[in-house]
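Here is a short note for a first look at this structure. Please read the points with the model open beside you.

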Amino acid sequence: MEHSFLIQVLSMLVIAIISIALLRRAGLPAILAYLVTGVISGPSGFNWFSQHEMQSVAELGVVLLMFSLGLEFSVPRLWAMRRTVFGLGSAQVVVTTLLAGCISLLSSLSLVESLVVGSAIALSSTAIVLKLLNEQGWLRRRHGELSVSVLLFQDLAVVPLLILLPLLASGGETLSIQSIGYALAEGVLAFIALMAFGKWGLPRLFDEVARSRSNELFMLSTLVVALLTGALTQWLGLSMALGAFMAGMLLGESQYKRQLEADIRPFRDLLMGLFFISIGMLIDFSLVLQFWWQILIILIAVIVGKALVVFALLRLAKESFRISVSTALSLAQVGEFSFVVLALAVNYELLDIELSTKLVMVAVLSMAIAPWLVRHSPDIARRLQGVKSKGETSLAIEPKIEHQNDLVLILGYGRVGQTIARFMKTEAVPFLVLDLDPTRVSEARKAGEPVYFGDVCKRSILKQAKIREAKLIVLTFSSSRILEEVLPLCRQLAPEAKILVRTRDDTGMEELEKAGASQVIPETLEGSLMLVSQVLYQCGVPLTRILKRLEYERRNHYKYLHGFFSGAETDFTLEHLHAVALPKGASAVGMTLADIPWEKLRVELRAVRRSGAEVESPALDWCIHSGDILIILGKPRRIEKAEIYLLQG
């Protein structure tokens with residue numbers, strides 16, 4: 001039995017891996033892959049597990065998701081966006097819930113069922129929309145800001161829903177305003193108690209944990225705090241997820257926020273995957289096939305209805321037609337928190353399996369359509385407005401430079417690119433920058449910098465940036481994959497220009513030079529050279545001699561900066577130096593350096609020490625004596641073989 005269960009678990013994980021890989025390649029979210037895994041593993045497929053067996057583990061995923069959401073909850077951010085968050089966001093949730101609830105009532109559902117259905121439909125997918133807006137560089141645009149505001153309020157609206165669902169389960173049809181008020185008051189008291197503990201207890205706890213400098217202890221403490229606060233609120237008759245959200249919110253303003261988020265993410269992602277798998281197990285394909293036409297009608301009604309609600313609210317707020325349509329289409333899908341609401345509603349017996357399956361399928365299909373709707377929302381808005389569509393992925397690149405031949409083109413606007421640009425600006429050298437980070441480009445353009453959004457791997461973008469007129473091109477990317485793609489393209493488009501390439505180290509330096517780089521500048525090695533130059537200068541070595549020495553090292557590919565004696569923390573994948581002392585009976589004693597097959601041994605002789613004196617690169621007719629020390633350079637295994645040869649033959 002145990003062996004069979006293990007095989008079933010492993011099979012489910014393999015299906016999840018394959019599903020994620022295939023759907024991600026198709027540009028679809030991983031959530032759909034988990035749902036497919038649940039369908040295959042559940043009652044509709046191989047029937048390895050039931051939804052009830054997965055439920056307890058899956059609930060932990062919701063708890064950790066709400067804890068992570070609490071970490072991102074920022075009171076200053078909410079206050080800065082208060083008008084759109086609490087104005088537009090609350091209006092969208094309330095109007096959509098009421099509209100969907102009224103239609104559900106007319107469809108012969110009960111009041112409680114209608115309220116649950118309306119609440120689930122009102123929520124959109126924060127994960128999908130934010131990811132797509134960020135990929136397109138639209139987070140700073142008006143429709144992106146409005147979408148984020150609505151999504152933020154929806155995430156907050158989940159909290160009172162978590163309070164109300166257990167209450168609805170106990171109250172049934174006789175739910176009263178007094179009972180709702182009592183539950184909300186209980187939630188507020190729990191919130192105050194946790195706030196008090198969070199203000200005085202949690203910081204001291206994590207201070208002590210941080211002093212231990214133990215990653216395991218910090219990670220374990222994070223999990224315990226999230227689950228313990230969840231258990232506390234459940235004991236009070238509320239939801240576990242609510243307590244986890246409060247704990248995350250309390251720690252969100254602390255100095256440990258980023259570390260907490262990093263520690264919780266692997267567990268959250270894994271357990272949320274199991275949660276969505278458990279949702280997939282709820283899908284009964286016999287019901288889907290039986291009611292496919294109803295699912296299709298509900299899907300169209302949900303997408304069109306949600307889009308119309310958001311559009312109408314934005315037009316009432318006097319937003320432009322184009323912005324209103326783009327925002328409405330971005331928020332037209334059903335979100336991941338809808339699965340949470342539906343799953344809890346089924347657990348509390350507020351919804352039956354048939355209705356839940358229909359809504360889950362509607363949510364799945366709407367999330368599958370969401371990437372296309374979000375990406376094409378501006379184009380659809382233009383067409384509806386009667387304006388011809390045009391690409392919005394980048395700004396028109398029109399460098400205003402008097403002498404085009406003096407242009408310096410900087411590709412990449414990270415730390416290195418910005419440093420170069422500052423010095424260029426100080427010296428009044430005309431330059432232009434291309435970068436693919438929309439936030440960075442937006443911030444730089446607001447400050448008046450000549451920075452443009454564009455994919456440097458595309459020939460058309462580089463042509464717009466006047467690459468053929470540039471006298472110097474600087475590639476600041478640290479990614480070798482991007483360098484391998486961009487460098488040949490730059491050399492092809494600008495055969496006469498000098499191309500400087502920044503890399504982390506000199507791995508693949510010769511390949512980059514063959515691909516067209518005029519000069520490769522390894523960051524780590526150049527840092528070492530700068531330190532050496534300062535040390536030599538402080539020791540009284542003339543500046544001209546230092547500069548000549550630095551230039552010699554660059555011309556010889558940093559020969560003196562390779563090969564070091566190994567230590568306990570040495571990276572043994574790299575070459576290092578090793579000293580081989582030759583005693584009287586060593587095999588190499590009496591031989592000349594020419595007699596030793598250095599090429600076959602694949603090591604390099606750097607120097608020979610004799611009687612305290614060191615001779616660099618000795619002649620091949622050098623005769624080896626006993627007591628000589630040979631300093632060789634190579635990888636560990638090759639050095640080991642060479643030492644055996646020198647000592648034993």
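**Notes on a predicted model**

1. Ile-277 is buried, because its relative accessibility is 3% and the cut-off for buried is under 20%. This is a predicted model, so please read each point below as a statement about a prediction. Ile-277 sits in helix H13, which spans residues 257–280. Its partner in space is worth a look: Leu-35 is 242 residues away in sequence, yet the two C-alpha atoms are 5.1 Å apart.

2. Turn next to helix H20, residues 438–446. Which of its residues are buried? They are Pro-438, Val-441, Ser-442 and Ala-444. These four lie on the same side of H20, because they cover an arc of only 170° around the axis. In general, an α-helix has 3.6 residues a turn, so residues three or four places apart point the same way. Just after H20 comes Gly-448, with a positive phi of about 85°.

3. The surface has a nonpolar patch. Its members are Trp-292, Trp-293, Leu-296, Ile-297, Ile-300, Val-304 and Leu-308. Together they have about 740 Å² of accessible area. Val-304 belongs to helix H15, residues 292–316. Val-304 counts as partly exposed, because its relative accessibility is 43%.

4. There is also a positive surface patch. Arg-602, Lys-635, Arg-637 and Lys-641 form it. One of them, Arg-637, lies in helix H27, residues 636–648. Is Arg-637 buried or exposed? Arg-637 counts as exposed, because its relative accessibility is 65% and the cut-off for exposed is over 50%.

Definitions and conventions
Residues are numbered from 1 along each chain as its sequence is written. This is a predicted model: local features need pLDDT of at least 70, side-chain atom pairs count only at pLDDT 80 or more; totals for chains, interfaces and linings use all residues. Side-chain values use heavy atoms; hydrogens and water are left out. Patches are made of residues with over 30% relative accessible area and no salt bridge: like charges are joined within 9 Å, nonpolar side chains (Val, Leu, Ile, Met, Phe, Trp, Tyr) within 5 Å. Accessible areas come from the Shrake-Rupley method with a 1.4 Å probe; for residues, only the protein chains shown count as cover. A salt bridge is a side-chain nitrogen of Lys or Arg within 4 Å of a carboxyl oxygen of Asp or Glu. Lys and Arg count as positive and Asp and Glu as negative; His and the chain ends are not counted. The place of a charge is taken as NZ of Lys, CZ of Arg, CG of Asp or CD of Glu. Helices (H or I, at least four residues) and strands (E, at least two) are DSSP runs, numbered from the N terminus. Buried means under 20% relative accessible area, exposed over 50%, partly exposed in between (1.4 Å probe, protein chains only). The arc is that of the directions from the helix axis to the C-beta atoms.
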